[in-house]
Structures are given as C-alpha cells and as structure tokens.
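Me: I'd like to learn how to read a ligand site and a pair of packed helices. Could you walk me through an example?

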Amino acid sequence: MATAVVEPRIRGFICTTAHPAGCASNVNAQIQVARAARSDRTNGTAPLRVLVIGASTGYGLAARIAAGAMYGAGTVGVFFERESSGTRCGTPGFYNTAAYHRYAMESGLVSANVNGDAYSHEIKRKTVELVASRLGQVDLVVYSLASPKRTDPDTGETYQSVLSPIGETYVGKTIDLNREVINEVTVEPASDEGIRGTVGVMGGDDLRQWSEALLDAGLLADGARIVPFSYIGPALTWPIYRSGTIGRAKEHLEGTTKAIDGQLRSSIGGRAMVSVNKAVITQASAAIPVVPLYISLLYRIMREHGLHEDPIHQMVRLFNDHIGPGRTPALDGEDRIRLDDLELGDAVQREIDSVWPTITTENFRALTDYDAYKRGFRQLFGFEVDSVAYDEPVELEAEI
Ligand code: NAD
C-alpha cells in the first residue's frame with residue numbers, strides 16, 4: 001500500500017502524473033453512458049467475446065467499456081502502461097484498466113489483461129494463450145494502437161513515426177499549449193525515411209501479424225470481425241494529417257484491412273473493416289500540430305449543434321449502428337464505417353472554415369472551446385474531474 005497526494009505535472013502535450021481516483025471516475029462516467037445506451041436490441045443477445053488491442057485509453061478503452069457495459073462482453077485488453085511503483089504513480093491507462101477491471105469483476109464479466117509491447121511476438125503469444133483460456137474464441141477484435149515507434153519482431157528493425165507533410169512545407173495555425181498563444185507552425189516535409197518509418201509504425205503490418213496469429217490459433221469465431229481505427233478529417237488538416245505521413249500510414253492500414261477482409265471472408269465468413277472515427281481529445285491527438293486547436297473549435301461548434309461526441313459516444317454508436325450482434329455495418333464506397341459523419345457535416349465544416357482564419361491569440365478563448373479542450377486533456381490523466389478530493393492522499397497501487 002502506498003498513498004500520496006498526486007498533482008498534475010504537465011508540459012505541453014505531456015503529463016507525467018496520473019490521478020487514480022480521477023481516472024476511475026472517468027471510467028465510471030463512461031460506463032454510465034454505455035449502460036444508458038443499452039436497449040431491447042442489446043438485451044438477450046449472446047455475450048460477445050472481444051479482444052481490444054490498445055485497450056487502456058482513448059478509443060480502445062471506450063470500445064472495451066461499450067462492449068462490456070452494453071453487451072456484457074468478456075474482454076481481453078492489450079496495452080502498454082506503467083504500473084505504479086512505490087510512491088511513483090502509474091500511467092492513466094493503468095488506472096483506467098484497474099477501474100474497468102473492478103467494474104467487470106463486480107458485474108461478473110470476464111476481464112483479462114496483457115500489459116506489454118503489442119508489436120512483439122511475445123505479447124501476441126501471451127494474448128493468444130489468454131484469449132484461448134479465458135474466452136475460447138473472439139467475435140470481435142478492435143485494433144486501437146497509437147504509438148510513436150514500433151520494432152518489427154520479424155526483422156528487428158525499429159520504425160519511428162513523424163507527423164509531417166509530404167512533398168511541401170506546411171505553414172499553418174496551431175496553439176502553443178505551454179504558452180497558450182496562437183502560433184504559425186512551419187513543418188518541413190518528411191524524408192523518405194520519415195514516411196517509411198511512420199508507415200512502419202501506424203500502417204497495417206502489425207495488424208496483419210495479429211490477424212495471422214489469431215487465425216493460425218483458431219481463435220476467430222465464425223463470422224468474427226476485425227475493426228481498426230482511422231481518421232480522415234477536413235481539408236483544413238489534410239496537409240498535416242491525411243496527406244501527410246500519418247495519412248500515408250492510415251492508407252496502408254486501410255489497404256491491409258481490405259486484404260485481411262478477403263482472408264476472413266473466405267476462411268471464417270468474417271469481415272475486417274476500418275472505422276473512421278471523429279477527432280477527439282486523447283494523448284495521441286494532442287501530439288499532432290494543428291489538431292488541438294482544430295478540436296477546440298470543433299468541440300464548440302458540435303456542442304452548439306447538439307452533436308457533441310466523446311470516444312464513448314462514438315463507440316456506443318459503433319456497436320449500436322454497425323458491429324453489435326445482429327447489426328449490419330453501413331459502409332462507404334471504400335468499405336469503411338464512417339463515425340466521422342457528424343464532424344464532417346456541411347454545417348459544422350462551413351462554420352469551421354469561416355472561423356478558423358480569424359482565430360488569434362487575443363480571441364481564441366472566445367472563438368473556440370479551448371478551456372474545455374484543456375480540461376478534457378487534464379481529465380485524460382484524472383485531473384479536474386468533479387468530486388475528486390485532490391488534496392487528500394490516494395492509494396497508488398491498483399490491480400489489473
Ligand atoms: P491513445 O493514445 O488514447 O491510445 C493508444 C493505446 O495504444 C493505449 O491503450 C496504449 O496503451 C496502446 N499502446 C501504445 N503503444 C503500444 C504498444 N507498443 N503495445 C501495446 N499497446 C500500446 O490513442 P487514440 O487517440 O485512442 O488512438 C487509437 C486509434 O484511434 C489510432 O489508430 C488513432 O489513429 C485512431 N483515431 C484517433 C482519433 C483521435 O482524434 N484521437 C480519431 C480517429 C481515429
């Protein structure tokens with residue numbers, strides 16, 4: 001047992017501490033959203049068995065919560081998080097997982113966790129063993145990894161991702177999260193090495209290895225689905241996102257998913273399809289230039305239009321409308337689920353286009369929901385969560 005008062009230590013888009021009670025409270029709030037979304041259609045269906053790769057924060061955590069709280073799913077979660085040690089707190093994903101695990105145990109749901117490098121053979125092997133022993137097979141695999149680097153276990157090569165444009169220098173508006181001023185950011189085009197590195201990390205190679213490992217072990221149930229996540233966004237962010245290195249990696253991921261789809265259809269009558277999600281506040285998105293300011297504006301406009309969605313609302317919609325038991329996914333011309341439909345709606349994007357050029361250091365708090373962005377970012381680490389007693393010592397150890 002080790003208790004301490006935990007304070008936020010934030011620098012730009014990094015926070016090096018996490019509050020266990022705040023993280024637990026966030027997870028419980030998501031569980032409430034998912035439970036409220038249960039309907040007659042979700043009752044009475046056979047319990048789902050779900051593997052979530054990248055299950056501890058952001059979209060993967062929300063997918064796990066939606067599966068468990070809406071469908072009583074048994075889940076195996078894979079993630080890479082630091083556990084607490086002595087008086088040093090763990091990472092938010094460690095505390096989020098502990099909170100989900102507690103909920104699952106109280107609700108009689110299977111919950112098993114693998115903490116380690118999902119890109120490695122060792123962690124794939126451990127996961128395969130755990131899925132076999134705890135779930136038998138899986139009906140759904142959600143793939144939600146976001147990482148700056150990956151070592152290919154077959155070649156030993158380490159890839160490093162970069163967030164750069166391709167071909168041309170990008171000059172655009174961004175917010176300096178340390179000084180809270182609007183800056184012009186200049187990002188030089190990526191080298192071939194940078195493009196290759198980003199595709200090596202965030203492209204489809206690891207997903208293919210997971211799919212093969214699960215198929216080889218006979219762990220994908222008849223009709224099972226594999227769903228990785230992607231992002232497209234509006235033209236405003238294309239130079240740095242969709243047309244940049246990360247977009248190149250996402251195209252590779254989407255292409256790989258199509259190939260896996262062919263394999264699953266012929267082998268187990270299953271499907272693989274990308275879900276294109278909306279921009280949300282996560283640790284991964286905070287690191288991308290331009291995106292925090294875009295999200296600050298997007299959140300204000302979507303709230304005003306009554307369209308606000310956090311990861312849990314997106315994942316509820318993913319299950320309810322597309323991949324829950326008995327649902328038929330609605331796909332676009334590229335066989336993708338589009339949960340970014342509301343973000344990319346004409347009215348929302350017209351307003352973004354008209355406001356974006358007018359944003360300055362003097363007016364960004366009035367024109368965007370930056371304060372909500374900042375709070376949302378701190379909440380990722382369990383801070384600024386209502387009804388948490390931050391001045392009291394809190395237990396740092398937790399069980400996953
Ligand atoms: P996130 O940073 O919140 O979560 C990343 C997850 O990956 C965590 O569970 C982390 O533990 C895990 N992880 C990272 N490296 C790992 C490793 N080596 N081994 C095991 N686990 C590892 O990220 P997110 O924003 O939720 O992104 C998840 C996916 O959703 C990504 O594919 C991202 O591109 C996509 N997406 C994100 C957004 C957005 O706005 N955040 C929008 C659309 C799509």
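Reply: Let's take the ligand first and the helices after that. This is a predicted model, in which local features need pLDDT of at least 70, side-chain atom pairs count only at pLDDT 80 or more, and totals for chains, interfaces and linings use all residues. Residues are numbered from 1 along each chain as its sequence is written, and side-chain values use heavy atoms, with hydrogens and water left out.

Me: How many residues surround the ligand, and which are the closest?

Reply: A residue counts as near a molecule if one of its heavy atoms lies within 4 Å of it. Here 28 residues surround the ligand, and Ser56, Tyr59, Ala118, Lys250 and Thr282 are the closest.

Me: How do the residues of that shell divide into nonpolar, polar and charged?

Reply: Ala, Val, Leu, Ile, Met, Phe, Trp, Tyr, Cys and Pro count as nonpolar, Asp, Glu, Lys and Arg as charged, and the others, Gly among them, as polar. The shell has 13 nonpolar, eleven polar and four charged residues.

Me: What polar contacts should I look for?

Reply: For a ligand, look for a pair of N or O atoms within 3.5 Å. In threonine 282, a side-chain N or O atom is 2.6 Å from an oxygen atom of the ligand. Alanine 118 uses its backbone instead: an N or O atom there lies 2.8 Å from a ligand nitrogen atom. The side chain of glutamate 81 has an N or O atom 2.9 Å from an oxygen atom of the ligand.

Me: How much of the ligand does the protein bury?

Reply: Accessible areas come from the Shrake-Rupley method with a 1.4 Å probe. Taken alone, the ligand exposes 840 Å², and the protein buries 92% of that.

Me: Now the helices, please. What describes a packed pair?

Reply: Two packed helices are described by the angle between their axes and the distance between the axes. Helices are DSSP runs (H or I, at least four residues), numbered from the N terminus. Axes are lines fitted to C-alpha atoms over the stretch in contact, and angles run from 0 to 180 degrees between N-to-C directions. The axes of H1 (residues 20-36) and H2 come within 8 Å and cross at roughly 50°.

Me: Are H1 and H2 roughly parallel or oblique?

Reply: Angles under 35 degrees count as roughly parallel, over 145 as roughly antiparallel, 65 to 115 as roughly perpendicular and the rest as oblique. H1 and H2 are therefore oblique to each other.

Me: Which pair is a contrasting case?

Reply: Try H6 (residues 205-216) and H7 (residues 245-268), whose axes come within 9 Å and cross at roughly 15°. That makes H6 roughly parallel to H7.

Terms used. A polar contact is a pair of N or O atoms within 3.5 Å; within protein, one must be able to donate a hydrogen and the other to accept it, and residues adjacent in sequence count only if both atoms are side-chain atoms. Helices (H or I, at least four residues) and strands (E, at least two) are DSSP runs, numbered from the N terminus.
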